[in-house]
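Here is a small set of exercises to work through with the model open beside you. Try each task before reading its solution.

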Amino acid sequence: MELLTCIHQQLGKLTNPTLKELGSALQGIPNIYELVQPFITDPDQFSYGRNVIYLNDQLEVIVINLPPHVETAIHDHGKSIGCAIVIEGKLLNSIYRNNENQTERAAASFVQKGDCLFAPQGLIHKMSNLQDERMISLHVYSPPLLNMSNYQEQTASDILPDVV
Ligand code: FE
């Protein structure tokens with residue numbers, strides 16, 4: 001079966017889905033590794049490929065192609081929750097917390113092929129590909145993405161006082 005048909009069957013009927021439902025739906029798509037291949041796009045306006053393949057009033061589904069040694073900006077997902085399944089390669093997910101307008105890395109963990117990354121509402125994170133091969137992932141957000149924000153990480157030079 002074609003990917004968009006599977007997505008429509010697994011996800012199309014969900015209303016206000018939970019993270020668990022999104023994860024189960026993604027992991028329930030049979031043969032997902034092969035089905036995603038035709039939807040992988042090269043980087044264009046971003047440093048990574050980003051292809052919106054399905055959109056309705058409840059859901060947005062995106063295929064991400066993160067080239068070797070490339071990472072996303074630190075971002076949130078507005079009011080959306082999200083789940084991503086790794087299709088190829090390995091992903092480093094770094095989680096940040098915002099403290100008095102300072103953005104600090106709080107945790108980081110690898111997500112392997114076939115595993116899911118869960119993004120509850122309000123999560124601030126960055127995805128990095130530290131490998132020599134591309135990383136492909138399939139993401140589903142609910143509701144569709146709107147008003148995402150980017151963040152700048154606090155670095156040591158930001159904290160040190162200016163030397164006069
Ligand atoms: Fe994200």
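**Exercise 1.** Leaving aside its neighbours within four places in sequence, which residues is Leu 91 in contact with?

*Solution.* Please keep in mind throughout that this is a predicted model. Start by placing the residue: Leu 91 belongs to strand β5, which covers residues 91–99. Next, list its contacts beyond four places in sequence: Leu 66, Val 86, Ser 109, Phe 110, Val 111, Leu 117, Met 127, Ser 128 and Met 135. Then pick one partner and check the distances: Leu 66 is 25 residues from Leu 91 in sequence, and their C-alpha atoms are 8.9 Å apart. Finally, look at accessibility: the relative accessible area of Leu 91 is 0%, so the residue is buried.

**Exercise 2.** Stay in strand β5 and turn to Asn 98. Decide how accessible Asn 98 is and find its side-chain polar partner.

*Solution.* Asn 98 has a relative accessibility of 39%, and therefore counts as partly exposed, since that class runs between 20% and 50%. Its contacts, without residues up to four places away in sequence, are Thr 103, Ile 124 and Tyr 151. Among these, Thr 103 offers a polar contact from side chain to side chain, at 2.9 Å. As a contrast in distance, try Gln 121: this residue is 23 places from Asn 98 along the chain, with 14 Å between the C-alpha atoms.

**Exercise 3.** Find the residues that coordinate the iron ion, and work out their spacing along the chain.

*Solution.* First select the donors: His 75, His 77 and His 125 each coordinate the iron ion through NE2, at 2.1 Å. Reading along the chain then gives the pattern H-x1-H-x47-H. Now check two of these residues for burial, using the limit of under 20% relative accessible area. His 75 is at 9%, so it is buried. His 77 is at 3%, so this residue is buried too.

**Exercise 4.** Describe the largest pocket: how big is its volume, and which residues lie nearest its centre?

*Solution.* The volume comes to about 330 Å³. The lining has 21 residues, and those nearest the centre are Tyr 48, Arg 50, His 75, Tyr 141 and Met 148. By element, β2, β4, β7 (116–119), β8 (124–128) and β9 each give two or more residues to this lining. The top contributor is β4, with three residues. One link back to the previous exercise: His 75, close to the centre here, is also an iron donor.

**Exercise 5.** Which side chains make polar contacts with the side chain of His 139?

*Solution.* Begin with the location, strand β9. Ser 137 is one partner, at 2.7 Å, and Tyr 141 is another, at 3.0 Å. Beyond four places in sequence, His 139 touches Glu 60, Val 61, Ile 62, Ile 64, Cys 83, Ala 84 and Met 127. With a relative accessible area of 4%, His 139 is buried.

**Exercise 6.** In the largest nonpolar core, which residues touch the most other members?

*Solution.* The core holds 27 residues, and the ones to mark are Leu 11, Ile 29, Val 36, Ile 53 and Leu 138. Elements giving two or more residues to this core include α1 (3–11), α2 (19–27), β1 (49–55) and β9 (135–142). Apart from this core lies another, of 16 residues, including Ile 64, Val 111, Leu 117 and Met 127. To finish, trace Ile 29: beyond four places in sequence, Ile 29 touches Leu 3, Cys 6, Ile 7, Gln 10, Leu 35 and Leu 138.

Methods
Residues numbered from 1 in each chain as written. Predicted model: local features only at pLDDT ≥ 70, side-chain atom pairs only at ≥ 80, totals over all residues. Heavy atoms only, no water. Core = buried A, V, L, I, M, F, W, Y, C linked by side-chain atoms within 4.5 Å. Buried < 20%, exposed > 50% of the residue type's maximum accessible area, 1.4 Å probe, protein only. Helix = DSSP H or I, 4+ residues; strand = E, 2+ residues; numbered from the N terminus. Contact = heavy atoms within 4.5 Å. Polar contact = N/O pair within 3.5 Å; in protein donor to acceptor, adjacent residues only side chain to side chain. Donors = N, O, S within 2.8 Å, 3.2 Å for Na, K, Ca; no water. 1 Å grid on protein atoms, 1.4 Å probe; cavity = no way out; pocket = protein on both sides within 12 Å on 5 of 7 lines; lining within 4 Å. Points joined across faces, edges and corners; volume = space filled by probe spheres on them.
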